[in-house]
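Trainee: I'm new to this one, so could we go through it together, one piece at a time?
Mentor: Sure, have a look and ask away.

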Amino acid sequence: MEESLRTYKVVTYGCQMNVHDSERLSGLLEEAGYTKAAGDGEPDLVVFNTCAVRENADNKLYGNLGRLAPAKQANRGMQIAVGGCLAQKDRETIVRKAPWVDVVFGTHNIGHLPALLERAAIERKAQVEILDSLETFPSTLPTRRESAYAAWVAISVGCNNTCTFCIVPALRGKEEDRRPGDILAEVEALVAEGVVEVTLLGQNVNAYGSDLGDRQAFSKLLRACGEIEGLERVRFTSPHPKDFTDDVIAAMAETPNVMHQLHMPLQSGSDTVLRAMRRSYRQERFLGIIEKVRAAMPDAAISTDIIVGFPGETDEDFEQTLHVVREARFTNAFTFQYSKRPGTPAAEMENQIPKAVVQERYDRLIALQEEISWEENKKQIGRKLEILVAEGEGKKDDRTDRLSGRAPDNRLVHFTRPEGGVRPGDMVTVEITYAAPHHLLAEGPALGVRRTRAGDAWERRQAAPATKPAGVMLGLPSIGVPAPLPAAPGGCG
């Protein structure tokens with residue numbers, strides 16, 4: 001009798017690195033014979049890929065684990081695995097608090113998950129395996145990419161910075177760079193499959209090369225991506241102001257397929273707070289980078305991360321942050337109220353700011369940035385832009401009979417559905433007619449439609465019958481952006 005297929009679901013929290021790791025986890029599971037769960041029913045395997053950046057990260061995880069406990073009790077063949085940064089940090093604590101979890105694995109050994117699941121099923125006890133250093137670079141593992149037209153490509157893992165609010169370096173280790181040839185080979189393979197947009201990914205992408213002994217390795221990598229035929233859009237995240245050099249600005253300006261879009265984490269505009277954060281740049285340096293970028297690329301869209309209420313932040317410190325926001329005129333900002341990250345130096349600092357004060361400052365920052373975002377978006381009205389049609393970016397598209405996608409500078413654009421139809425991955429040229437703080441609208445008919453290899457790839461994926469994985473050969477009981485560009489970048493750049 002044929003063995004039934006086991007279904008799986010991967011739940012992801014946190015930054016783009018976690019999103020990318022989850023694609024690897026899905027690829028590993030499907031290679032091992034699992035199939036992605038459809039619908040709302042409980043799958044046979046649930047994997048939580050966790051984040052430890054926010055103070056309440058563990059509460060969120062344990063709440064979700066608690067909700068799964070009855071399902072696990074009803075289905076003894078069900079398995080639950082917890083990986084990612086919180087697993088790396090808490091280790092055996094997870095199994096102690098949620099003894100129904102089968103596997104706990106860290107950031108350095110995601111390739112071991114199928115074997116750990118098998119061992120847990122055979123031994124009937126939780127398997128906890130946390131390695132303290134990277135064993136296999138994640139990009140060598142099989143992948144189930146969510147998008148047919150856009151892809152993440154990791155160029156490094158880990159981080160050498162010591163920001164006092166961030167626990168990521170302790171959990172993902174020191175920076176390790178991939179060889180440029182390996183990165184470019186992966187990009188070329190993706191393009192051959194139909195991908196037209198690639199985002200180069202790292203905890204600190206423009207420190208790339210420090211592990212290779214080449215300070216200009218990142219700008220050289222950007223220029224090399226420009227030589228890949230069929231690759232239409234190149235992005236990267238996240239850089240760090242201390243490592244952002246003029247050769248990178250030149251490479252962005254001079255390489256046609258590198259988009260004029262930059263995410264540059266500020267965190268604070270106060271030199272005093274930046275020093276306490278152990279951020280090795282100051283306000284003048286940051287604004288100098290913005291000025292150089294705009295001089296080289298006047299149309300550049302620049303976004304940022306900002307933390308409000310860091311320990312010791314005074315009213316004057318916060319006013320300095322507002323000053324930088326006014327001067328930099330960010331397209332958008334991902335803003336966070338400071339929360340203690342257990343295990344970080346900032347969590348032990350004196351002068352923790354009262355919640356009410358943090359909230360008041362946060363509200364003022366949001367109001368200012370909303371005003372600037374709207375003003376900057378209004379400048380796009382009347383412009384003709386080529387939009388990469390996306391899948392699932394517009395929540396109201398079905399109701400409004402519109403489609404959505406990203407402009408070259410990564411602004412979200414909703415546009416009238418062209419006659420004849422287009423596919424995710426195709427390009428549509430539109431004229432912007434309306435601007436809101438967080439999106440643009442093109443209400444007129446499309447000015448042009450360009451069918452692409454990416455659209456062909458999306459169509460092939462939709463038309464292909466669900467591939468039936470090989471039977472599970474692990475001795476398990478029989479029972480299965482980026483979004484190309486997620487809304488918020490990692491908050492630790």
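Trainee: Let's begin with Leu-368: in which helix does Leu-368 lie?
Mentor: Keep in mind that this is a predicted model. Looking along the chain, you'll find Leu-368 in helix 13.

Trainee: Is Leu-368 buried or exposed?
Mentor: The relative accessible area of Leu-368 is 14%. The cut-off for buried is under 20%, so with 14% Leu-368 counts as buried.

Trainee: Which residues is Leu-368 in contact with, leaving aside its neighbours within four places in sequence?
Mentor: One of them is Val-325, which is 43 residues apart from Leu-368 in sequence, with 8.1 Å between the two C-alpha atoms. The full set of contacts is Leu-322, Val-325 and Arg-326.

Trainee: What does the charged end of Lys-378 sit over?
Mentor: The spot to look for is a ring centre 4.4 Å from that charged end. The ring belongs to Trp-374.

Trainee: Now Gln-380: where does Gln-380 lie, and is Gln-380 buried or exposed?
Mentor: Gln-380 is in the loop between helix 13 (355-378) and strand 15 (384-389). Its relative accessible area is 7%, and anything under 20% counts as buried. So the word for Gln-380 is buried.

Trainee: Which side chain does the side chain of Gln-380 make a polar contact with?
Mentor: Setting aside residues up to four places away in sequence, Gln-380 touches Leu-385, Asp-409, Arg-411, Ile-432 and Leu-440. For the polar contact, look for a 2.9 Å distance between side chains, and the partner there is Arg-383.

Trainee: On to the rings. How many aromatic pairs does the count come to?
Mentor: Each pair is described by the distance of the centres and the angle of the planes. By the rule used here, the count comes to 4.

Trainee: What kind of aromatic pair do Phe-218 and Phe-236 form?
Mentor: Their centres are 5.1 Å apart and the planes are at 85°. An angle over 60 degrees is the mark of this kind, so the pair is edge-to-face.

Trainee: Why does that pair tie together parts that are 18 residues apart in sequence?
Mentor: Both rings are buried, because Phe-218 has 1% relative accessibility and Phe-236 has 4%. The pair ties those parts together because Phe-218 lies in helix 8 (residues 217-225) and Phe-236 in strand 11 (residues 233-237).

Trainee: What is the angle between the planes of Phe-286 and Phe-330?
Mentor: This pair is edge-to-face too, with 6.2 Å centre to centre. The angle between the planes is 65°.

Trainee: Where do Phe-286 and Phe-330 lie?
Mentor: Phe-286 is buried at 1% relative accessible area, and Phe-330 is buried at 0%. The pair ties together parts that are 44 residues apart in sequence. Phe-286 lies in helix 11 (residues 283-296), and Phe-330 lies in the loop between helix 12 (315-328) and strand 14 (332-337).

Trainee: Which residues do ring pairs link into a cluster?
Mentor: Two of the names you've just met, Phe-286 and Phe-330, belong to it. The cluster is Tyr-281, Phe-286 and Phe-330.

Trainee: Which are the edge strands of the open sheet with the order 12-13-14?
Mentor: That sheet has 3 strands with parallel pairing. Strand 13 (residues 301-308) and strand 14 are joined by 6 bridges, and Val-308 stands opposite Gln-337 in strand 14. Each edge strand pairs on one side only, and these are strand 12 (261-263) and strand 14.

Trainee: In the sheet with the order 7-10-11, how many residues of strand 10 are buried?
Mentor: This is an open sheet of 3 strands in parallel pairing. Glu-197, Thr-199 and Leu-201 point one way from strand 10, while Val-198 and Leu-200 point the other way, and all are buried. The tally for strand 10 is 5 of its 5 residues.

Trainee: What is the bridge partner of Leu-200 in strand 11?
Mentor: Strand 10 (residues 197-201) pairs with strand 11 over 5 bridges, and Thr-199 stands opposite Arg-235 there. For Leu-200, the partner in strand 11 is Phe-236.

Trainee: Last one: which strands does helix 1 (residues 16-31) lie across?
Mentor: Helix 1 runs at about 100° to strand 7. The strands it lies across are strand 7, strand 10 and strand 11.

Terms used: Residues numbered from 1 in each chain as written. Predicted model: local features only at pLDDT ≥ 70, side-chain atom pairs only at ≥ 80, totals over all residues. Heavy atoms only, no water. Helix = DSSP H or I, 4+ residues; strand = E, 2+ residues; numbered from the N terminus. Buried < 20%, exposed > 50% of the residue type's maximum accessible area, 1.4 Å probe, protein only. Polar contact = N/O pair within 3.5 Å; in protein donor to acceptor, adjacent residues only side chain to side chain. Contact = heavy atoms within 4.5 Å. Phe/Tyr/Trp six-rings, centres within 6.5 Å; stacked < 30°, edge-to-face > 60°. Lys NZ or Arg CZ within 6 Å of the ring centre and 35° of its normal. Pairing = 2+ DSSP bridges. Axes fitted to C-alpha atoms, helices over the stretch in contact; angles between N-to-C directions.
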